[in-house]
Amino acid sequence: MQACPTLSETKKAVGYLRVSTAGQGQRGNGIEAQRASIESFARSEGFVIDLWVSEIETGKGADALTKRPKLAEALKAARRLKAPVIVSKLDRLSRDVAFISGLMSERVPFVVAELGADVDPFVLHLFAALGEKERKLIAVRTREALQALKRKGVKLGNLESLPIAQRLGADAMRAKADAFAQATLPIIQAYQQQGMTVREIAEELNKRGVETFRQGQWHASTVVNLLKRTAS
């Protein structure tokens with residue numbers, strides 16, 4: 001178990017929380033869940049949250065910063081404190097790679113709790129880029145599939161098209177799983193380069209609060225399966 005940091009080892013940080021709509025606050029990635037994730041991460045890594053900032057606003061668009069005054073407030077506070085901004089997941093900042101790149105130019109370090117304290121900006125760009133590509137691919141595939149069904153005369157929404165809709169959902173889920181595997185692979189490879197076994201890698205990912213694709217715990221077999229998936 002990791003030792004708790006002493007008071008002299010603590011570092012200030014700003015906690016940023018965001019949901020796109022008020023209704024999201026009632027679900028798994030709501031404000032309270034994000035705060036709990038950041039608090040747990042801060043305790044293990046020696047951070048003290050000097051200021052909490054939260055807002056309800058969309059993360060869409062490369063110009064989303066102009067629509068998110070609370071994020072601008074978090075950036076200003078972080079500069080004053082010479083501290084990082086901590087978020088629970090990268091998508092709480094944005095799912096847009098251009099937006100993430102713009103944040104990097106603000107010269108304020110960002111820490112993503114689920115990825116760990118030592119993930120450099122390049123990896124954050126990589127995760128954002130993969131997430132953006134995943135969404136575009138799924139949107140294109142779904143649109144093309146729906147157009148193909150319409151050309152065949154299938155009436156979407158009736159019981160006869162249910163098996164087709166289920167297959168489309170399965171395809172989308174596989175695409176998401178593939179994107180997650182590709183995004184997580186660089187982290188696992190970095191641990192492999194340090195000489196860690198798959199069991200040790202699983203333990204490290206669990207310690208850092210990184211969830212599997214199905215939001216569960218990592219095991220040696222989970223790591224092996226991800227490596228196999230990315231190799232195929």
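**Exercise 1.** In this predicted model, find which residues of helix α6 are buried, and where they sit around the axis.

*Solution.* Take helix α6, residues 198-207. Its buried residues are I201, A202, E204 and L205. Now look down the axis. These residues cover an arc of only 165°, so they lie on the same side of α6. Helix geometry gives the background: an α-helix has 3.6 residues a turn, so residues three or four places apart point the same way.

**Exercise 2.** Place T212 and describe its surroundings.

*Solution.* T212 is in the loop between α6 and α7 (220-231). Its relative accessible area is 11%. Buried means under 20%, so T212 is buried. Next, check the side chain: one of its polar atoms lies 2.9 Å from the backbone nitrogen of G216. Leaving out residues up to four places away in sequence, T212 touches F180, Q217, W218 and T222.

**Exercise 3.** The structure holds 5 salt bridges. Analyse the pairs E55 and R68, E73 and K70, and E114 and K89.

*Solution.* Start with E55 and R68, at 3.8 Å from N to O. E55 is in strand β2 (residues 47-56) and R68 in the loop between β2 and α2 (69-81), so the bridge ties together parts 13 residues apart in sequence. Both residues are buried.

Turn to E73 and K70. Their closest N and O atoms are 3.4 Å apart. Both belong to helix α2, 3 residues apart, about one helical turn. E73 is partly exposed at 36%, and K70 is partly exposed at 35%.

Finish with E114 and K89, at 3.2 Å between the closest N and O atoms. This pair links distant parts of the chain, 25 residues apart.

Notes
Residues numbered from 1 in each chain as written. Predicted model: local features only at pLDDT ≥ 70, side-chain atom pairs only at ≥ 80, totals over all residues. Heavy atoms only, no water. Buried < 20%, exposed > 50% of the residue type's maximum accessible area, 1.4 Å probe, protein only. Helix = DSSP H or I, 4+ residues; strand = E, 2+ residues; numbered from the N terminus. Arc of directions from axis to C-beta. Polar contact = N/O pair within 3.5 Å; in protein donor to acceptor, adjacent residues only side chain to side chain. Contact = heavy atoms within 4.5 Å. Salt bridge = Lys/Arg side-chain N within 4 Å of Asp/Glu carboxyl O.
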